[in-house]
Amino acid sequence: MPSSLPLPITELPVRRLTPGDLVACADLSEDRGWPRDEHRWGLLLAAGTGYGVDDPEGKGLMASCVVTSYGPRLAAIGNVLVAERYARQGVARQLMHHVLAESGDTPLSLYATAAGQPLYEQLGFSVVGHAQRVTGFFRPAGGRLPAVTVRPATAEDLQAMVRLDADVFGADRTHVLARLPAYADHIRVAQDGGRLIGYAAAWPSDRTHAVGPLVARDTATARALVSSLAEATDRPLRADIDARHTELLDWFEECGLRSDSTTAVMAHGASDLPGDWTRRYAPLTVAMG
């Protein structure tokens, strides 16, 4: 005789999320004290593969996770969330086991909060770096900006942006960057002698403009790109900067942005992230867990 007892919450089925789950995903973010960021969720669900566990009480999603694939060399995990009422009951672990099985041999990366890091370490992830979040109203610091040509990006720039991005990130992110013009409010490119040497975007998040990606030949170019983006908005800026870029972080502080939090960059199946970190200042969007 079949049992009528409900399944334990760690045995509930994991399903693929669709764009129709966007509001439920935003509700889950809000439940955990994050901004709803439906705009970001829309990008993640369109460019990546979402996984979710339905609340057995019919209250939307119990848990979520998004995996954005960049080919066989790398996939990024983000927005690992469990509703507060189901927290610390093994749900995140079960969801991550599912994601690891689905990902096979593909190396994985994620940005871990202090709360999530111990779980990821138990699952075989290791810390390969840190990211520093800065937030605040941008006030230009004294001194002249470097003589770098920065202008708004056009459709004709996309191919060059994709080539530069693939070199810097060590993976093909065409399917994500192709969505950038519709996602970002402002995109800037930097040139030297007609050659693209950097690009950056600012997209709406809660009441701020988040800066990312930020790819640049050097710190001077990164400063010029950020300064141009700041001129285009009256909102506070937010950026998650690779902590090794201390010169840029010091400059942000001079310009009025303050350190908000630090997250661990973690990898599974690889000893480090591919690409050239010296030109990779900020990712497209940090979807933490």
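Two residues are in contact when heavy atoms of theirs lie within 4.5 Å. Take threonine 219 in this predicted model. Leaving aside neighbours within four places in sequence, threonine 219 is in contact with Glu247, Leu248 and Tyr281. Threonine 219 belongs to helix 8, which covers residues 219–231. Is this threonine buried or exposed? Its relative accessibility is 13%. Buried means under 20%, so threonine 219 counts as buried.

Next, the nonpolar interior. In soluble globular proteins, nonpolar side chains tend to be buried together. Here the largest nonpolar core has 40 residues. Which of them have the most contacts inside that core? They are Trp41, Ile77, Met96, Leu110, Tyr120 and Phe125. Follow leucine 110 outward. Not counting residues up to four places away in sequence, leucine 110 touches Ile77, Met96, Tyr120 and Phe125. Leucine 110 also touches Ala264, Val265 and Met266. Apart from this core lies another, of 27 residues. Phe138, Ala224, Ala239 and Ala282 are among its members.

Now look at the aromatic rings. The structure holds four aromatic pairs. One joins tyrosine 120 and phenylalanine 125, with ring centres 5.8 Å apart. Their planes stand at 65°, so the pair is edge-to-face. Tyrosine 120 and phenylalanine 125 are both buried. Both also appear among the residues with the most contacts inside the largest nonpolar core. Elsewhere, Phe138, Trp251 and Phe252 form one aromatic cluster. Phe138 is also a member of the 27-residue core.

Rings also meet charge. Arginine 173 is the residue to find. Its charged end sits over the ring of tyrosine 70, 5.8 Å from the ring centre. Arginine 173 also lies over the face of phenylalanine 169. There the distance to the ring centre is 3.7 Å.

Last comes the largest pocket. Its volume is about 500 Å³. The pocket is lined by 21 residues. Which of these are the closest to its centre? They are Arg32, Val82, Ala92, Ala115 and Gly116. Three elements each supply at least two lining residues: strand 4 (75–82), helix 3 (91–103) and helix 4 (117–122). Helix 4 gives the largest share, four residues.

How values were computed. Residues numbered from 1 in each chain as written. Predicted model: local features only at pLDDT ≥ 70, side-chain atom pairs only at ≥ 80, totals over all residues. Heavy atoms only, no water. Core = buried A, V, L, I, M, F, W, Y, C linked by side-chain atoms within 4.5 Å. Buried < 20%, exposed > 50% of the residue type's maximum accessible area, 1.4 Å probe, protein only. Phe/Tyr/Trp six-rings, centres within 6.5 Å; stacked < 30°, edge-to-face > 60°. Lys NZ or Arg CZ within 6 Å of the ring centre and 35° of its normal. 1 Å grid on protein atoms, 1.4 Å probe; cavity = no way out; pocket = protein on both sides within 12 Å on 5 of 7 lines; lining within 4 Å. Points joined across faces, edges and corners; volume = space filled by probe spheres on them.
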